[in-house]
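Trainee: I'm new to this one, and I'd like a close look at a single part of it. Could you walk me through how the helices pack and what sits around the buried core?

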Amino acid sequence: MNSPIQPSLAWRIARHAILMTGAIIYLFPFIWMLSTSLKPADEIFMSGFHLLPQKWAAVENYTTALTQVPLLRYLLNGIVVCAGILILQVLVALPAAYVFAKIEFRGKPLAWGLVMLSLMIPFQATAIPLYILLYHAGLLDTTAALIIPFIASAFGIFLMRQFFRGVPNDLIHAARLDGMSEFELVWRILMPAAMPALIAFSIFSVVWHWNDYFWPLLVINTMELATPPLGTMFFMNEEAGTNYGPLMAGTVIITLPLLLFFLVAQKRFIEGVTLTGVKG
């Protein structure tokens with residue numbers, strides 16, 4: 001039996017060189033941000049390329065970042081907002097995805113078409129109506145204003161529906177024969193099975209809302225309610241945009257939770273994306 005054709009050594013070297021080059025290009029702004037956070041002010045704009053500082057100012061920069069503005073409060077706000085959004089999105093997306101994947105009902109193609117259509121509408125197009133709605137509800141400048149507009153996630157429904165379509169119908173029929181209700185079936189049978197897809201969606205959701213600057217800028221005026229990106233703006237205002245060492249130190253601190261979250265969930269994230277491939 002002929003052995004499968006193996007790629008040549010030259011092609012493998014070229015492939016890895018291309019991938020490494022792309023990785024360096026994408027990572028370089030983050031590396032430079034970390035480098036700047038370690039330098040004193042007089043070295044940041046020094047001529048020439050110096051990745052490592054000649055004089056370390058990490059303690060001063062990070063201390064300033066943590067004391068100039070309530071950065072830890074901003075991180076806590078970000079955790080509360082992202083966790084609240086994610087929990088509510090899961091509570092909505094799982095039952096909705098199950099209905100679209102496994103239950104037939106009148107108007108299902110139209111309803112699914114509307115879900116897919118909502119994926120094509122940018123959030124900025126609905127921002128002003130949502131702002132007016134929250135104004136009349138008296139919810140502006142509150143944590144609820146940061147959470148409520150994102151409770152229903154069309155992307156979450158789509159992702160979970162793709163996963164549920166791969167679940168055998170026999171498993172669902174067996175659960176019904178055991179006397180489970182539809183809601184029990186979703187939360188006790190399908191949710192544990194869908195954990196890789198849920199983790200993949202969690203990463204997408206947390207990264208998106210942790211980095212969101214547009215919506216908090218519209219609805220939040222109180223400094224104590226600011227999320228991490230909005231807190232960075234307050235820090236720039238405090239520093240007049242000139243003290244880049246502490247500013248980059250604050251940005252590193254804000255970025256670090258996302259990096260740790262992705263590293264912890266990386267394996268499940270890849271599994272979830274693989275298992276939720278597009279099905280007919």
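Mentor: Sure, let's begin where two helices touch: Leu-34, Thr-36 and Ser-37 of α1 meet Ala-58, Asn-61 and Tyr-62 of α3. Sorted by type, the residues of this contact come out as three nonpolar, three polar and no charged. Keep in mind that we're looking at a predicted model. Helix α1 covers residues 9-37 and α3 covers residues 58-68; they pack at an angle of about 100 degrees, with their axes 8 Å apart. Angles of 65 to 115 degrees count as roughly perpendicular, and that makes α1 roughly perpendicular to α3.

Now for the inside. The largest nonpolar core has 55 residues, and the ones touching the most other members are Leu-94, Tyr-98, Met-160, Phe-164 and Trp-215. Helix α4, residues 71-102, gives this core its largest share, 12 residues. Take Leu-94 and skip its neighbours within four places in sequence: what remains in contact with it is Met-160, Phe-164, Val-186, Trp-187, Met-191 and Leu-198. There's also another core, lying apart from that one, with eight residues, including Ala-93, Val-115, Ala-154 and Phe-158.

Several of those names lead us to helix α8, which runs over residues 154-164; 10 of its 11 residues are buried, so α8 is largely enclosed by the rest of the structure. Met-160 and Phe-164 are on its buried list, and so are Ala-154 and Phe-158. That list isn't purely nonpolar names, either: Gly-156, Arg-161 and Gln-162 are among the buried residues too.

Last, the charged pairs. Side chains of opposite charge can pair when their charged atoms come close. A search of the whole structure turns up three salt bridges. One joins Lys-108 to Glu-104, at 3.4 Å from N to O. Its two ends sit quite differently: Lys-108 is buried, at 12% relative accessible area, whereas Glu-104 is exposed, at 68%. Another pairs Arg-176 with Glu-182, with the closest N and O atoms 3.2 Å apart. Here Arg-176 is partly exposed at 30%, and Glu-182 is partly exposed at 32%.

The remaining bridge is between the side chains of Arg-188 and Glu-184, at 3.8 Å from N to O. Both residues belong to helix α10, residues 182-193, and they're four residues apart, about one turn of the helix. An α-helix has 3.6 residues a turn, so residues three or four places apart point the same way. As for accessibility, Arg-188 counts as exposed at 54%, while Glu-184 counts as partly exposed at 31%.

Methods:
Residues are numbered from 1 along each chain as its sequence is written. This is a predicted model: local features need pLDDT of at least 70, side-chain atom pairs count only at pLDDT 80 or more; totals for chains, interfaces and linings use all residues. Side-chain values use heavy atoms; hydrogens and water are left out. Axes are lines fitted to C-alpha atoms, for helices over the stretch in contact, and angles run from 0 to 180 degrees between N-to-C directions. Angles under 35 degrees count as roughly parallel, over 145 as roughly antiparallel, 65 to 115 as roughly perpendicular and the rest as oblique. Contact means heavy atoms within 4.5 Å. Ala, Val, Leu, Ile, Met, Phe, Trp, Tyr, Cys and Pro count as nonpolar, Asp, Glu, Lys and Arg as charged, and the others, Gly among them, as polar. Buried means under 20% relative accessible area, exposed over 50%, partly exposed in between (1.4 Å probe, protein chains only). A nonpolar core is a set of buried Ala, Val, Leu, Ile, Met, Phe, Trp, Tyr and Cys residues joined through side-chain atoms within 4.5 Å. A salt bridge is a side-chain nitrogen of Lys or Arg within 4 Å of a carboxyl oxygen of Asp or Glu.
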